[in-house]
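Here is a short report for a reader meeting this structure for the first time. Begin with the display, then follow the text from one part of the chain to the next.

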Amino acid sequence: MDKVLVEVSVPAARRSFDVFIPQTSKMSEVVSLVSKSLSELSGGKFKPDSSTILCDAESGKIFNINLSVYELEIKNGSKLMLI
């Protein structure tokens, strides 16, 4: 499985994390896995809920959760934001 390395900014925790995500996974799966992991890594400063989303950190565009990472053209070095 091919993975891409992205930087995920978590404003609630005032931190960024480098995360590998699989290109074939749907964004809905990625949001769930990343939000749980980063909640733990942030010491609970970020608390995911049903409205948690991933968006492009530079443009603010919210990613369609029904598309895969590959279909969204997320590549190594992409900057995402978890809110």
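## A residue in the loop before the helix

Start at Ser25, which sits in the loop between S2 and helix H1, residues 27-41. The model is predicted. Is Ser25 buried or exposed? Ser25 has a relative accessibility of 11%, so it counts as buried, since the cut-off for buried is under 20%.

Which residues does Ser25 touch, once those up to four places away in sequence are set aside? They are Val30, Leu67, Ser68 and Val69.

## The chain as a whole

Now step back. The protein chain contains four strands and one helix. Read from the N terminus, the order is β-β-α-β-β. The radius of gyration is 12 Å, close to the 12 Å that the globule rule gives for 83 residues, so the protein chain is as compact as a globular protein of that length. Along the principal axes, the C-alpha atoms fill a box of roughly 30 × 25 × 25 Å.

Of the 83 residues in the protein chain, 36% are buried. The chain exposes about 5,200 Å². Carbon and sulfur atoms supply 50% of that area. Contacts also reach along the sequence: among those between residues at least 6 apart, 58% join residues at least 24 apart.

Charge can be summarised briefly. The protein chain carries 10 positive and 10 negative side chains. The centres of these two sets lie 6 Å apart.

## The hairpin of S1 and S2

Strand S1 covers residues 3-10, and strand S2 covers residues 15-22. The two pair in the antiparallel sense, over eight bridges. Two facing pairs can be picked out. Glu7 stands opposite Asp18 in S2. Ser9 stands opposite Ser16 in S2.

Four residues lie between the strands of this hairpin. Arg14 belongs to the loop between S1 and S2. Its phi is positive, about 55°, although Arg14 is not a glycine. Arg14 has 79% relative accessibility, so it counts as exposed; the cut-off for exposed is over 50%.

## Two faces of S1

Which side chains of S1 are buried? The side chains alternate along the strand. Val4, Val6, Val8 and Val10 point to one face and are buried. Lys3, Leu5, Glu7 and Ser9 point to the other face and are not buried.

## S4 and its partners

S1 also pairs with S4, in the parallel sense, over three bridges. Here Glu7 stands opposite Lys79 in S4. Ser9 has Met81 of S4 as its bridge partner. Both Glu7 and Ser9 have partners in S2 as well: Asp18 for Glu7 and Ser16 for Ser9.

S3 joins S4 too, through three bridges, and these two strands run antiparallel. The bridge partner of Cys55 in S4 is Met81. Met81 is thus named in two pairings, with Ser9 and with Cys55.

S4 has two faces. Leu80 and Leu82 form the covered one, and Lys79 and Met81 the uncovered one.

## Leu82, near the end of S4

Leu82 lies in strand S4. Leu82 has a relative accessible area of 1%, so it is buried. What is Leu82 in contact with, leaving aside neighbours within four places in sequence? The list includes Val8, Ser9, Val10 and Pro11. It also includes Val34, Ser35, Leu38 and Phe46. Thr52, Ile53 and Leu54 complete the list.

Two of these contacts, Val8 and Val10, belong to the buried face of S1. Asp2 gives a longer view along the chain. Leu82 and Asp2 are 80 residues apart, and their C-alpha atoms are separated by 22 Å.

## The loop between S3 and S4

The last stop is Glu73. This residue lies in the loop between strand S3, residues 54-56, and strand S4, residues 79-82. Glu73 is not a glycine, yet its phi is positive, about 60°. Is Glu73 buried or exposed? At 59% relative accessibility, Glu73 counts as exposed.

Note on methods:
Residues are numbered from 1 along each chain as its sequence is written. This is a predicted model: local features need pLDDT of at least 70, side-chain atom pairs count only at pLDDT 80 or more; totals for chains, interfaces and linings use all residues. Side-chain values use heavy atoms; hydrogens and water are left out. The radius of gyration is taken over C-alpha atoms; the globule rule is 2.2 Å times the number of residues to the power 0.38. Buried means under 20% relative accessible area, exposed over 50%, partly exposed in between (1.4 Å probe, protein chains only). Contact means heavy atoms within 4.5 Å. Accessible areas come from the Shrake-Rupley method with a 1.4 Å probe; for residues, only the protein chains shown count as cover. Lys and Arg count as positive and Asp and Glu as negative; His and the chain ends are not counted. The place of a charge is taken as NZ of Lys, CZ of Arg, CG of Asp or CD of Glu. Two strands pair if DSSP finds at least two bridges between them.
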